[in-house]
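User: I would like to go through this structure by question and answer, keeping to what can be computed from the atoms.

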Amino acid sequence: MIWNKAMECADRETMEAIQLRKLKETVKRVHTNVRPYRERMQALGVTPEDIQTLDDLKKLPFTTKTDMRDNYPYGLFASPLSEITRIHASSGTTGKPTVVGYTSRDLESWAECVARALTMAGGDNTSVVQVAYGYGLFTGGLGAHDGAQYMGASVIPMSSGNTQKQVMLMKDFRSTILCCTPSYALTIAEAVKKAGYGPDDIDLKAGVFGAEPWTPEMRAAIEKGLGIRAHDIYGLSEVMGPGVSCSCAEQNGMHIQEDFFIAEIIDPDTGEVLPEGEKGEIVFTTIGKEGIPLIRYRTRDICYLMRDKCKCGRTTARMSRVLGRSDDMLIIRGVNVFPSQVETVIAKFSELTMNYKIIVGRENNTDTFALQVELAEGLAIDNIRFVEELRKKVTHELRTLLGIGCEVKFLNEGTLPRSEGKAVRVEDTRNLSE
């Protein structure tokens, strides 16, 4: 089923006409109402009248998270506070948080996007949607909640945490769709098993997971543990929140809501737009957003775009799963390492779980690189011969893929802290600013 066929199945000519009209309106809005944008455009010698085609988008300046923090809290708002009906913000773990404001129309547009995403996962007005994202300033909980409610579904606003109760209510309330981070979905799957239930004992049919990168192997583990089809939903609080894109039943990329967002892929080093199909940093321009429209926002997420028509019938462009980030890449002894690469190796071994931690440090001016990973249930680290053989295999796979040695340490199942939100996969104790 498709929520909005007129938009999701529009031909390319129709969609590009919609995008160009809304892009022109957005550029005029920010030029008139947002001083930092107006000054940046003036410095580049660009006026709203210069935007006559979609290709003219590249004439406009990029926006970064730093720009949002430099203009904290309301400096990039294009609407007065009297028209802002909700404010969200990032966690602010580094520096000031990024603040976003939504008008009533923005909230309706957001709910529309999430409703489309939930429909891709098989949702409808008979669904029971358990939202286990955090509520509050984080956009995940309320974003999923409003979209499910807009779709007409029954919503269970659980928020994250209290995993045993999550499982109890999931079973008792007959939840059919779970919304949370993929790492928390794994935690819930473990809790379901420990409660003595199997996939046939719960009514879940699908999961819509996002807010952190995850691999196909992790998807397989979630689907097996909960007996569901797992869908990838993508979004950023700066751009809107969850619902910017989502995977359909074909599981061949995430459909971008192109009547609300224009996507580009750029070289993260040069900023040049890359040819279609090439891997690079995805950049979004919001079109039609009133509260805080963003021009060419640099997400730092690495992926690629696909524009061929999907077998599901949707014609919107699709983005691949996030393959890494241009700013969370670890450089260890001169080698580029993404956590997702390590996760791919772990997933090759049935003897291991997907609960792991990468630890990077520095001793005697040399980087150290270690991996802690839990053994599968029923296996123990005191089986010395087994552990050493497994360690050799895992170490070899890591060196083959990454080109760098890694100290591998196995832990008994249940040792590492369980995530109730975004999993902390990396501990980097180096002071790289020295």
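**Cavities, salt bridges, sheet and cysteines**

The lining residues of the largest cavity comprise six nonpolar, three polar and two charged. The model is a predicted one.

User: What is the volume of the largest cavity, and which residues line it?

Analyst: The lining is made up of Tyr102, Asp106, Ser109, Val239, Met240, Phe260, Phe261, Thr286, Ile287, Gly288 and Lys289. They enclose a volume of about 90 Å³.

User: How many nonpolar, polar and charged residues are in the lining of the second largest cavity?

Analyst: The second largest cavity has a volume of about 40 Å³. Its lining consists of Met68, Asn71, Tyr72, Pro73, Leu76, Val99 and Ile292. By class these divide into six nonpolar, one polar and no charged.

User: How many cavities of 30 Å³ or more does the search of the whole structure find?

Analyst: The largest cavity is about 90 Å³, and the second largest is about 40 Å³. With the threshold set at 30 Å³ or more, the search of the whole structure gives three.

User: Which residue meets Glu8 in a salt bridge?

Analyst: Glu8 belongs to helix H1 (residues 5-8), and its partner lies 306 residues apart from it, in the loop between strand S13 (305-306) and strand S14 (318-319). Glu8 is buried at a relative accessible area of 1%, and the partner is buried at 3%. The N to O distance is 2.9 Å, and the partner is Arg314.

User: Glu258 and Arg12 meet in a salt bridge; which residues are joined with them into one network?

Analyst: The side chains of Glu258 and Arg12 meet at 2.8 Å, N to O. Glu258 is in the loop between strand S9 (254-256) and S10, and Arg12 is in helix H2 (residues 12-33), 246 residues apart. Glu258 counts as buried at 5% relative accessibility, whereas Arg12 counts as partly exposed at 29%. Salt bridges with shared partners join these two into one network with Glu276 and Arg307.

User: Is Glu238, the salt-bridge partner of Lys65, buried or partly exposed?

Analyst: The side chains of Lys65 and Glu238 meet at 2.3 Å, N to O. The pair links helix H4 (residues 65-70), which holds Lys65, to the loop between strand S7 (229-236) and strand S8 (241-247), which holds Glu238. Lys65 counts as partly exposed at 29% relative accessibility. Glu238 has 4% relative accessibility, so this residue counts as buried.

User: How many salt bridges does the search of the whole structure find?

Analyst: Two of them are Glu8 with Arg314 and Lys65 with Glu238. Over the whole structure the search finds 29.

User: Which strands stand at the edges of the four-stranded open sheet?

Analyst: The strand order is S10-S11-S12-S15, with antiparallel pairing. Six bridges join S10 to S11 (residues 280-286), and in S11 Glu281 is the bridge partner of Ile266. An edge strand has a single partner strand, so one side of it is left without a neighbour in the sheet; the two are S10 (261-266) and S15 (324-325).

User: How many disulfides are there?

Analyst: A disulfide needs two cysteine sulfur atoms within 2.5 Å. The nearest cysteine sulfur to Cys113 is that of Cys246, 11 Å away. For Cys303 the closest cysteine sulfur, in Cys246, is 15 Å away, which is too far for a bond. The count comes to zero.

User: Are Cys113 and Cys303 buried or exposed?

Analyst: Cys113 has 0% relative accessibility, and Cys303 has 0% as well. The cut-off for buried is under 20% relative accessible area. Both therefore count as buried.

Terms used: Residues numbered from 1 in each chain as written. Predicted model: local features only at pLDDT ≥ 70, side-chain atom pairs only at ≥ 80, totals over all residues. Heavy atoms only, no water. Buried < 20%, exposed > 50% of the residue type's maximum accessible area, 1.4 Å probe, protein only. Pairing = 2+ DSSP bridges. Salt bridge = Lys/Arg side-chain N within 4 Å of Asp/Glu carboxyl O. 1 Å grid on protein atoms, 1.4 Å probe; cavity = no way out; pocket = protein on both sides within 12 Å on 5 of 7 lines; lining within 4 Å. Points joined across faces, edges and corners; volume = space filled by probe spheres on them. Nonpolar A, V, L, I, M, F, W, Y, C, P; charged D, E, K, R; others polar.
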